[in-house]
Amino acid sequence: MLEVKNMLDKLETMILSSLQMIFDEFGWAGVFGLMIFENATGITPSEIILAFAGWMLIERHDIAPTFILLAGLYAGLGSAIGASITYWVARIGGRPIIEKFTKVFRIDMNMINKAEDQMHKWGSGLVLIGRVIPGVRTLISIPAGLVRIPFPKFFIATFIGAYIWCTLLIGAGYALGHEWMLVSDFIKTHLPLVLSLGVLGISAYLIYQYRAYLPSLAWIYTRTNKNRLDDRS
């Protein structure tokens, strides 16, 4: 447990140090650029970027909290531009390139297919809702591009959803202020519990999804053990 906490401490220090360098050098232009990259790739965690920006660029400089609304514009516009890159990749490349993408990043293509069906039904409204749902935010651009939602509608819906998401996280970072590190320590201290709950949740999901195969698996397991006993005797 101590080793895990030390590893997380080093990772957190590296991430926060990198963000601090970017924010010191570029300010909100750095946030803008990071959000383009995050929404185009899904690699960097927006939760950390935006919450840290709310703390370091607003709270630590004693800027009025009303600036949070303007800060959301910087981050929201960067998010919309980054998401547009994914949108156009899906729209121009079509299903062949998305299938390659899902294999590389181990994303269930069935999830994309279901989202595509819903996109036909709900259009840009689904994009707006998806932009404020963790885990869905960066992926929602793919089915939007596949069904060829008109780009102006996509961009506007993406920007509105991203603005809401970004403003809330920046505001949370501002509100937490110096409590940021206390929250970080709490997460790392209780990481084993979080991981255990995650494993239990995944196990329950797999059992539910493949419950129809459980009797067959049990039969195979029983027969295999019986054959081993017969061979020994």
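Select D62 first: in this predicted model, D62 is exposed, with a relative accessible area of 72%. The residue sits in the loop that joins α3 to α4. Its phi is near 55°, a positive value in a residue other than glycine. Most residues other than glycine have a negative phi.

Next, select R148, in the loop between α7 and α8. Here too the backbone angle deserves inspection, for the phi of R148 is positive, near 60°, and the residue is not glycine.

**Helix α3**

Return to α3 and display the whole helix. It comprises 14 residues and reaches 18 Å from its first C-alpha to its last, close to the 20 Å expected at 1.5 Å a residue. Of those 14 residues, 12 are buried, so α3 is largely enclosed by the rest of the structure. Among the buried residues are S46, F52, G54, W55 and E59.

**The largest nonpolar core**

Now colour the largest nonpolar core, a set of 22 residues. Within this core, the residues with the most contacts are F23, W28, V31, L50 and I170. Helices α1 (2–26), α2 (28–41), α3 (46–59), α4 (67–104) and α8 each contribute at least two residues to the core. Which helix supplies the largest share of this core? It is α3, with 8 residues.

Centre the view on W28 and show its surroundings. Leaving aside neighbours within four places in sequence, W28 is in contact with A53, L57, I58, F67, A71, Y74 and I170. Three of the partners to look for here, A53, L57 and I58, are also listed among the buried residues of α3.

A second, separate core can then be selected; it has 11 residues, including A83, Y87, I140 and A157.

**P143 and helix α7**

Move to P143, which lies in helix α7 (residues 141–146). With a relative accessibility of 1%, P143 counts as buried. Which residues does P143 touch, not counting those up to four places away in sequence? They are I112, A115, E116 and M119. Add T86 to the selection: P143 and T86 are 57 residues apart along the chain, and their C-alpha atoms are separated by 10.0 Å.

I112 leads on to E99, a residue of helix α4. E99 and I112 stand 13 residues apart in sequence, and their C-alpha atoms are 9.6 Å apart in space. E99 counts as partly exposed, at 36% relative accessibility.

**Helix α8 and the nonpolar patch**

Select T167 in helix α8. Is T167 buried or exposed? At 13% relative accessibility, T167 counts as buried. Apart from neighbours within four places in sequence, T167 has contacts with I68, L69 and G72.

I160 also lies in helix α8, but I160 is partly exposed, with a relative accessible area of 39%. To see its setting, switch to a surface representation and select L128, I129, V132, I133, V136, I156, I160, I164 and L168. Together these residues form a nonpolar patch on the surface, with about 720 Å² of accessible area. Both α6 (124–130) and α8 (151–176) supply at least two residues of the patch. The greatest contribution, 4 residues, comes from α8.

The tour may end with α8 as a whole: this helix supplies at least two residues of the largest nonpolar core and gives the most to the nonpolar patch on the surface.

Conventions:
Residues are numbered from 1 along each chain as its sequence is written. This is a predicted model: local features need pLDDT of at least 70, side-chain atom pairs count only at pLDDT 80 or more; totals for chains, interfaces and linings use all residues. Side-chain values use heavy atoms; hydrogens and water are left out. Patches are made of residues with over 30% relative accessible area and no salt bridge: like charges are joined within 9 Å, nonpolar side chains (Val, Leu, Ile, Met, Phe, Trp, Tyr) within 5 Å. Accessible areas come from the Shrake-Rupley method with a 1.4 Å probe; for residues, only the protein chains shown count as cover. A salt bridge is a side-chain nitrogen of Lys or Arg within 4 Å of a carboxyl oxygen of Asp or Glu. Buried means under 20% relative accessible area, exposed over 50%, partly exposed in between (1.4 Å probe, protein chains only). A nonpolar core is a set of buried Ala, Val, Leu, Ile, Met, Phe, Trp, Tyr and Cys residues joined through side-chain atoms within 4.5 Å. Contact means heavy atoms within 4.5 Å. The expected span of a helix is 1.5 Å times one less than its number of residues.
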